[in-house]
Amino acid sequence: MLNKAQIQFCLEQIEDMFPDAHCELHHSNPFELTIAVLLSAQCTDALVNKVTPKLFEKYKTPQDYLNVTIEELQDDIRSIGLYRNKAKNIQKLSELVINEYGGEIPKDRDELTKLPGVGRKTANVVVSVAYDVPAIAVDTHVERVSKRLGICKWKDSVLQVEETLMKKIPKSLWGATHHRLIFFGRYHCKAQNPNCPECPLLSICREGKKRMNQKEKKLTQKR
C-alpha cells in the first residue's frame with residue numbers, strides 16, 4: 001500500500017498529465033447531467049454524447065419526458081445499452097423530481113440516491129460537477145487505478161474504495177482528483193494494455209512492476 005507521500009506524488013504526476021480533466025458528458029444544467037450520467041451506466045460517455053444533443057433538444061424539462069409514451073422515449077435512446085430500463089427510470093425520476101423536489105435536481109447526495117436509476121456514483125458526480133460539492137465518484141476507472149497503484153486494496157468494495165480515497169486525499173481535491181483518475185484510467189492506465197512502459201508512476205506502481213516483470217520474462221524465454 002502506498003504511503004501519504006507516495007499518494008501525493010501520484011496525484012501530482014496525474015495532475016501534470018491531465019491538468020484539464022473534466023466531466024466529458026455534455027450537459028447544460030443539473031437535470032441534463034443527471035440524465036446523462038444515468039444513461040452512461042455500462043456505456044461509454046462518447047456514445048451518450050452522440051445521443052444527448054437531440055435528446056436534450058427534444059426534452060428540456062422533467063415534464064417533457066412525461067409527455068411522451070415510454071415507447072417513444074425508448075426509441076430516442078435505443079442506441080444506448082439497457083435503453084428500456086433507462087427509459088423507465090428516466091420517466092420515474094422525472095415524475096419524482098416534479099412531485100418531490102419542485103422540478104429541480106436536489107443538491108444533497110442522499111436525496112439524489114432516492115431517484116430511480118441514481119446510485120451513489122451518479123449522485124456523487126451530480127453533486128460534484130453540478131453543485132461543486134466535494135465528492136469522489138468511483139467508476140470503473142477510479143476503482144481500477146486506485147487498486148493498481150496500491151492506494152486501495154484489491155478486495156475493497158466500491159464503497160470501501162470511495163471511503164479510502166476520501167481519507168487519503170484532501171477534501172479540497174476530491175472533485176478534481178475524481179476527474180483526473182478517470183482521465184488517467186481512460187487514456188493511460190487502460191483496462192487492457194495499460195501504458196506501463198511510459199508511465200511516470202511505474203517506480204511505485206505494484207501492478208505496473210508486475211506487468212513489466214512478466215513482459216521481461218516472456219522476452220527472456222523467447223531468446
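User: Which residues lie nearest the centre of the largest pocket, and how many residues line it?

Analyst: Ser 40, Asp 45, Lys 121, Asp 139 and Arg 186 lie nearest its centre, and 30 residues make up the lining. This is a predicted model, where local features need pLDDT of at least 70 and side-chain atom pairs count only at pLDDT 80 or more, while totals for chains, interfaces and linings use all residues. Residues are numbered from 1 along each chain as its sequence is written, and side-chain values use heavy atoms, leaving out hydrogens and water.

User: What makes it a pocket, and what makes a residue part of the lining?

Analyst: On a 1 Å grid over the protein atoms alone, a pocket is an open set of points with protein on both sides within 12 Å along at least five of seven lines; a cavity is a set where a 1.4 Å probe fits but cannot get out, and lining residues have an atom within 4 Å of a point. The largest pocket holds about 580 Å³ of space.

User: Which helices supply at least two residues of that pocket's lining?

Analyst: Those are H3 (45–58), H8 (120–131), H9 and H11. H11 gives the most, with five residues. By class, the pocket lining has 12 nonpolar, 11 polar and seven charged residues. Here Ala, Val, Leu, Ile, Met, Phe, Trp, Tyr, Cys and Pro count as nonpolar, Asp, Glu, Lys and Arg as charged, and the others, Gly among them, as polar.

User: How many helices and strands are in the chain?

Analyst: The chain has 12 helices and zero strands. Both are DSSP runs numbered from the N terminus (helices: H or I, at least four residues; strands: E, at least two). The C-alpha atoms fill a box of roughly 65 × 40 × 30 Å along the principal axes.

User: Why are H9 and H11 called roughly perpendicular?

Analyst: H9 (residues 140–149) and H11 (residues 174–187) pack at about 80 degrees, with axes 8 Å apart. Angles of 65 to 115 degrees count as roughly perpendicular, under 35 as roughly parallel, over 145 as roughly antiparallel and the rest as oblique. H9 and H11 therefore earn the label roughly perpendicular. On the H9 side, the contact (heavy atoms within 4.5 Å) includes His 141 and Arg 144, and on the H11 side it includes His 178 and Arg 186. That contact has five nonpolar, four polar and two charged residues.

User: How do you know that H1 and H11 are roughly perpendicular?

Analyst: The axes of H1 (residues 4–17) and H11 come within 10 Å and cross at roughly 70 degrees, so H1 and H11 are also roughly perpendicular to each other. Leu 11, Ile 14, Glu 15 and Met 17 of H1 meet Thr 177, Arg 180, Leu 181 and Phe 184 of H11. Among these, five are nonpolar, one is polar and two are charged.

User: What volume does the largest cavity have, and which residues lie nearest its centre?

Analyst: Its volume is about 110 Å³. Cys 189, Cys 196, Cys 199, Cys 205 and Gly 208 lie nearest its centre, among 14 lining residues. H12 gives the most to this lining, with three residues. The cavity lining divides into eight nonpolar, three polar and three charged residues.

User: Why do you say that the annotated cysteines gather at one spot?

Analyst: The unreviewed UniProt entry marks Cys 189, Cys 196, Cys 199 and Cys 205 as "binding site". They span 17 residues in sequence, yet no two of their C-alpha atoms are more than 11.1 Å apart, so they gather at one spot. The largest cavity counts Cys 189, Cys 196, Cys 199 and Cys 205 in its lining. Of these, Cys 199 sits in the loop between H11 and H12.

Notes
Axes are lines fitted to C-alpha atoms, for helices over the stretch in contact, and angles run from 0 to 180 degrees between N-to-C directions. Grid points are joined across faces, edges and corners, and a volume is the space filled by probe spheres set on the points. UniProt positions are given in the numbering used here, feature names are shortened, and annotations may be inferred rather than shown by experiment.
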